[in-house]
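Colleague: Please take me closely through one part of this model, the packing of the interior, and show how the surrounding elements relate to that part. I would like the cut-offs stated as you go.

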Amino acid sequence: MSSIFDKAHAVKEATRILAQFSITAPPVPVEKIAKQLGAILQYAPLDDELSGMAYVKDGHPIIGVNAMHHPNRQRFTIAHEIAHLVLHRDYITAQVHVDKAFTLKRDPVAASGTDALEIEANAFAAQLLMPADWVKQAFATELELDDETALSVVARKFRVSTSAIQNRIMQMF
Amino acid sequence: MDEKKLYKGLGEMIAARRNKLGLNQANLAKQVNMSRASIANIEVGRQRVLVHQLYLLAEALELTDGPRSLLPIARAVSTDTLPMPEGGLTVKQKSQIEQLVGSISTTKPKTAKK
């Protein structure tokens, strides 16, 4: 199995989706995007280890989200599942795709076939929720604040966790 | 609904119960006024059972709650088993995911936008 993954394409697709729905400022309405892409969004209490799932049932995409998780985390999960729907529709049609917590955080080293999907999905999700340009701009306006305060201010603006914004900055620079 | 699975499942239940009672196919056939060949065919799912025959069979097989206990459960004969990922999930996690997907009706989606 080849381990080719195309992060650049994933990022481009996320940017395209933002443009398509005329979203120009944070926080990005991921639930609305999911629904407008024709997905049925379903929250259910799942094992803590599970973040979410994606599956195309009878031609209708289903995105499942762990109802027990923090709303910020759910937003990232939804963005990640939207990525699977946009980038890997065939894959999530053939089989139910379940995302565990660790697949959302995994380091992009030594990628196997399934890891490639997760890497692409994470790149897409990061760009969808926290577009690089917007993040840069947000920090540029918070220069007078100390690092920690700036992080939490920007995180709140994007409605993501501070660790998500921190990871994002590390990817970007 | 998978009809093949349904009749095969029903046949297996009849055969299992008959064997438990120590009856042979000819004995059972006589009690329900059918041929031995019919019983043999029913037991492998090749012949469809009429409703009154089902009641007679249940009676002959001494099932106190009638034909009910001979019927396969709906889930077992459903054609849409979910293609779940192989491995990586515990039994509990798997059933949570199955429940989540099962709770969604795709026949009349609320957000059918093309």
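Modeller: A convenient place to start is Ile165(A), which, once its neighbours within four places in sequence are left aside, is in contact with Met130(A), Val135(A), Phe139(A), Leu151(A), Val154(A), Ala155(A), Phe158(A) and Val160(A); contact here means heavy atoms within 4.5 Å. This is a predicted model, in which local features need pLDDT of at least 70 and side-chain atom pairs count only at pLDDT 80 or more, whereas totals for chains, interfaces and linings use all residues. Side-chain values use heavy atoms, with hydrogens and water left out, residues are numbered from 1 along each chain as its sequence is written, and chains are lettered from A and ligands numbered from 1 in the order in which they are written.

Ile165(A) belongs to the largest nonpolar core, which has 42 residues, and it is listed with Phe124(A), Leu128(A), Met130(A) and Phe158(A) as those with the most contacts inside that core. A nonpolar core is a set of buried Ala, Val, Leu, Ile, Met, Phe, Trp, Tyr and Cys residues joined through side-chain atoms within 4.5 Å, where buried means under 20% relative accessible area, exposed means over 50%, and partly exposed lies in between, with a 1.4 Å probe and protein chains only. The element that gives the most to this core is helix α3 (residues 71–87) of chain A, with seven residues; helices (H or I, at least four residues) and strands (E, at least two) are DSSP runs, numbered from the N terminus. Apart from the largest core lies another, of 18 residues, among them Tyr7(B), Ile14(B), Leu57(B) and Ala58(B). In soluble globular proteins, nonpolar side chains tend to be buried together.

Two of those names lead into chain B, which has five helices and zero strands, and in which buried residues make up 36% of the 114 residues. Leu57(B) and Ala58(B) sit in helix α4 (residues 51–60) of chain B, whose buried residues also include Gln53(B), Leu54(B) and Ala60(B). The buried residues cover an arc of only 165 degrees around the axis, which puts them on the same side of α4(B); the arc is that of the directions from the helix axis to the C-beta atoms. An α-helix has 3.6 residues a turn, so residues three or four places apart point the same way. The face turned away from the buried side of α4(B) carries the exposed residues Val51(B), Tyr55(B) and Glu59(B), while the buried residues pack against α1 (3–20), α2 (25–31) and α3 (36–43) of chain B. Seen from the other partner, α3(B) buries Ser38(B), Ile39(B), Ala40(B), Ile42(B) and Glu43(B), and what covers them includes α1, α2 and α4 of chain B.

The ends of these two helices also deserve a look: just after α3(B), Gly45(B) takes a positive phi of about 80 degrees, and just after α4(B), Glu62(B) takes one of about 55 degrees. Glu62(B) lies in the loop between α4 and α5 of chain B and, at 55% relative accessibility, counts as exposed.

Beyond that loop, helix α5 (residues 91–102) of chain B lies across β1, β2, β3 (60–66) and β4 of chain A, running at about 45 degrees to β2(A); axes are lines fitted to C-alpha atoms, for helices over the stretch in contact, and angles run from 0 to 180 degrees between N-to-C directions. The four strands form an open sheet of mixed pairing in the order β1-β3-β2-β4, two strands being paired if DSSP finds at least two bridges between them. β1 (40–44) and β4 (97–100) of chain A stand at the edges, each with a single partner strand, so one side of each is left without a neighbour in the sheet. The twist averages 15 degrees from one strand to the next.

β4(A) runs antiparallel to β2 (residues 50–57) of chain A, joined by four bridges, with Asp99(A) as the bridge partner of Gly52(A) and Leu50(A) opposite Lys100(A). Both faces of β4(A) are covered, since His97(A) and Asp99(A) on one side and Val98(A) and Lys100(A) on the other are all buried.
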